[in-house]
Amino acid sequence: MGNIARRKFIASQVIGWLSDHFHLPFSYFKEATDLRQDLLFDNSSLVELGKYFNKADWTSVKLYPSMYAGCNTIGDLIDLINDNE
């Protein structure tokens, strides 16, 4: 899978999880959505999200969960996973 296609796939998985978790339509979430201000994540909840993504079967990436705490937007999450794939 090419890098652009892979990134789109990762974006679909990340946004799909957020959509399911928050019970909001997929279209509600944009890459620029702020994880902390718009979705009220804090460092510890981003670490927990990282643990979940590390167990996901749609990616082989296994990152330190604390790396997710450095993400500010949905796009940052997608890039973190994509850049380490």
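In counting charges here, Lys and Arg are taken as positive and Asp and Glu as negative, while His and the chain ends are left out. On that basis the protein chain of this predicted model carries 8 positive and 11 negative charges, and the mean positions of the two groups lie 4 Å apart.

With this in mind, we can turn to the overall fold. The secondary structure of the protein chain consists of three helices and zero strands, so that someone reading along the sequence, with helices and strands taken as DSSP runs, meets the pattern α-α-α. The C-alpha atoms occupy a box of roughly 30 × 30 × 20 Å along the principal axes. Because a compact globule with 85 residues would have a radius of gyration near 12 Å, the 12 Å found for the protein chain agrees with that expectation. Of the contacts in the protein chain with a separation of 6 or more, 53% are between residues 24 or more positions apart. Buried residues account for 41% of the 85 residues, and the accessible surface comes to about 4,900 Å², with 54% of this surface belonging to carbon and sulfur atoms.

Where in the chain can we look for a helix that is mostly covered? Helix α3, which spans residues 74-83, is such a helix, since seven of its 10 residues are buried. The buried residues in α3 are I74, G75, L77, I78, L80, I81 and N82, and the buried residues of this helix pack against α1 and against α2, the helix of residues 43-55.

Helix α1, which covers residues 3-22, contains R6, and this residue deserves a closer look. Is R6 buried or exposed? Its relative accessible area is 13%, and because this is under the cut-off of 20%, R6 counts as buried. The side chain of R6 reaches the backbone oxygen of W58 at 3.1 Å, and the side chain of R6 also makes a polar contact, at 3.2 Å, with the side chain of E85.

The loop between α1 and α2 offers a contrasting view, and two of its residues can be taken in turn. H23 is found in this loop and has a positive phi of about 55 degrees, although H23 is not a glycine. Because its relative accessibility is 71%, and exposed means over 50%, H23 counts as exposed. L40 is also found in the loop between α1 and α2, and L40 has a positive phi of about 60 degrees without being a glycine. With a relative accessible area of 70%, L40 is therefore exposed as well.

Methods
Residues numbered from 1 in each chain as written. Predicted model: local features only at pLDDT ≥ 70, side-chain atom pairs only at ≥ 80, totals over all residues. Heavy atoms only, no water. Helix = DSSP H or I, 4+ residues; strand = E, 2+ residues; numbered from the N terminus. Buried < 20%, exposed > 50% of the residue type's maximum accessible area, 1.4 Å probe, protein only. Polar contact = N/O pair within 3.5 Å; in protein donor to acceptor, adjacent residues only side chain to side chain. Rg over C-alpha atoms; globule rule 2.2 N^0.38 Å. Contact = heavy atoms within 4.5 Å. Areas by Shrake-Rupley, 256 points an atom, 1.4 Å probe, with all protein chains shown as cover. Charge placed at Lys NZ, Arg CZ, Asp CG, Glu CD.
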